[in-house]
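The following exercises concern a single protein model. Each task is followed by a solution in steps.

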Amino acid sequence: MRIAGQQVELLARPEVVSASPQKESERVARARSAEVERLLDEEHRSTRREVTILILGGSGAGKSTLVKQMRIHYGGSYNLAERESFKSTILSNFVRATVSVIAALHEMGLQLSPENELRAQTIVTMGDSSNIPCSYKFDEVSAAMVWIFEEPVFKQAMSQISKFDLEDSAFYFLQSADRITSAGYLPTEEDILRCHEKTTSITETSIPIGRVVYKLCDAPSNSTIRSKRNKWNSYLQMVTALIFVIALSDYDQKLEDDQSVNRLDEAMELFESISTSPLLNKTHSILVFLNKMDIFEEKLPHSPLNAHFPDYTGENEANEAMNYFLKRFVKSANPEIYVHRTNLMETSNSVRVVPLAVEDTILRRNIKTIKSL
C-alpha cells in the first residue's frame with residue numbers, strides 16, 4: 001500500500017511542483033497551437049456558410065454589371081423566366097436611348113416630319129417613366145420606331161451620337177432596334193449585361209461559390225447615397241470585403257442631380273470616407289475596379305483630362321491618366337487594396353479576383369488573431 005501510495009504521490013508531484021522553464025515553454029506552445037487550430041477550424045466552418053461583400057460606386061459605374069457577371073460566371077446562364085424578367089428594363093433603356101437621340105436632333109436644329117414629331121412625343125412620354133411596363137405592346141413601340149429611324153435627320157443625329165452625353169449602352173440598344181422591338185423578343189445575355197436600372201436601395205444577391213455563399217450587397221449610387229449612408233454604414237461592420245467600382249470614363253461628366261459636381265470628384269470623396277471609416281476593419285480588403293477603360297481611352301483624345309482636372313499635368317494618354325486617378329483614390333486608404341483595370345461589360349475575368357480577395361482577408365484576419373495570442 002505504501003508503494004502504491006508512493007507511486008500516486010510521484011505521479012501527482014508534477015501538478016504541484018513548478019515545471020522547468022523548458023517544459024513550461026512547451027506547454028504554452030502546445031496550448032497556443034491548440035488555440036490556433038481551434039480558430040482556423042472555426043473560420044473554416046464559418047466560410048462554408050456566408051460572406052458579405054458591399055459594392056459601392058457611382059451611377060452607371062458598373063456595380064450591377066459586376067453582380068450579373070458573377071451570377072453568370074459562378075451560377076450559370078439565366079433561365080427563360082429570368083431572361084423574360086429583364087424585358088421591361090431593356091425596353092426602358094431602349095426608349096431612353098431613342099429619346100436622347102431625339103433631344104440631340106433638336107439641339108442640332110434638325111426637325112422630324114410632323115407625323116414623326118407626334119410619334120416622337122409618344123416615345124418621349126414613355127421615356128419619362130423610370131421603367132416601361134411589359135404591358136406595352138412591342139409592335140406598337142416598333143411601329144413608331146421604324147418610322148422615326150428611317151428619317152434622314154434621325155440618321156444624321158445618330159452619326160454624331162458620340163458628341164452627346166448618352167448612356168454607355170445607348171448605341172448598342174439603338175443598333176438592336178429591330179431585334180428588341182420584334183414579336184417574341186427574348187433578351188440575350190449581352191442585353192442583360194448592358195441594361196441598366198438605377199439602384200435606389202441596397203439589393204442583396206446570394207451566389208454559391210464552392211462551399212461559400214457570397215452575399216453581394218449592391219448599394220445606391222452616389223447621387224442618392226448621401227441619404228442612404230446610415231443604412232450602408234451598418235454593413236461596414238459585418239462585411240468581409242468591399243468592392244468600389246469606378247467608371248473612369250465619367251471624368252468629364254457631372255452628377256445628374258448636381259451639375260456643378262464632377263462624377264469622379266464625388267466618387268473620390270465617397271471612397272475616402274469609406275476607406276478611412278473607423279467602422280471598416282483594417283483586416284478587410286478593398287477591391288477597386290477601374291471600369292470602362294475602353295471608353296476612357298476612346299474619349300481622351302476628344303476630351304482632354306486637364307480640361308476637367310486642371311492639376312493633371314501629364315500626357316493625354318490612358319495609362320498615365322489612369323495612374324493619376326489611381327494615386328488620388330488610394331492615397332488615404334487604410335486596409336489592403338486590390339486594384340484592377342477592367343471592362344466589366346466584355347469580360348468576366350475580373351470576377352475571379354473576388355473569391356481570392358475574400359480568402360486573403362480571412363487569412364490575414366487569422367494571422368492577426370494568432371499574433372495576438
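**Exercise 1.** Which glycine takes a positive phi just after helix 3, and of about how many degrees?

*Solution.* Glycine 76, just after helix 3, has a positive phi of about 90 degrees. Helices (H or I, at least four residues) and strands (E, at least two) are DSSP runs, numbered from the N terminus. Residues are numbered from 1 along each chain as its sequence is written. This is a predicted model, in which local features need pLDDT of at least 70, side-chain atom pairs count only at pLDDT 80 or more, and totals for chains, interfaces and linings use all residues, while side-chain values use heavy atoms, with hydrogens and water left out.

**Exercise 2.** Determine where the confidence of the model is lowest and where it is highest.

*Solution.* Begin with pLDDT, the predictor's confidence in each residue, from 0 to 100. Its mean over the protein is 76, and 72% of the residues reach 70 or more. Next, compare the elements: helix 1 (residues 2-16) has the lowest confidence, at a mean of 40, and helix 4 (residues 80-85) the highest, at 93. Finally, inspect residues 1-18: pLDDT stays under 50 there, and the model has zero contacts (heavy atoms within 4.5 Å) for them beyond four places in sequence. Where pLDDT is low, the predicted coordinates should not be read in detail.

**Exercise 3.** Compare the span of helix 3 with its expected value, and explain why the helix is largely enclosed.

*Solution.* The expected span is 1.5 Å times one less than the number of residues. Helix 3 (residues 63-75) has 13 residues and reaches 18 Å from first to last C-alpha, close to the expected 18 Å. For burial, apply the cut-offs: buried means under 20% relative accessible area, exposed over 50%, and partly exposed in between (1.4 Å probe, protein chains only). Ten of the 13 residues of helix 3 are buried, so the rest of the structure largely encloses it. Among them are Lys63, Leu66, Val67, Met70, Arg71 and Ile72. Arginine 71 also lies over the face of tyrosine 78, at 4.5 Å from the ring centre; the criterion is NZ of Lys or CZ of Arg within 6 Å of the ring centre and within 35 degrees of the ring normal.

**Exercise 4.** Is glycine 58 buried or exposed, and how far in space is glycine 58 from alanine 247?

*Solution.* Glycine 58 is found in the loop between strand 1 (50-57) and helix 3. With a relative accessible area of 13%, glycine 58 is buried. Its C-alpha is 7.6 Å from that of alanine 247, although 189 residues separate the two in sequence.

**Exercise 5.** Which kind of pair do tyrosine 251 and phenylalanine 296 form?

*Solution.* Rings of Phe, Tyr and Trp (its six-membered ring) pair if their centres lie within 6.5 Å; planes under 30 degrees apart count as stacked, over 60 as edge-to-face and the rest as tilted. A search of the whole structure finds ten aromatic pairs. For tyrosine 251 and phenylalanine 296, the centres are 5.5 Å apart and the planes at 85 degrees, so the pair is edge-to-face. This pair links distant parts of the chain, 45 residues apart: tyrosine 251 lies in the loop between strand 4 (241-247) and strand 5, and phenylalanine 296 in helix 15 (residues 293-299). Tyrosine 251 is buried at a relative accessible area of 0%, and phenylalanine 296 is buried at 0%.
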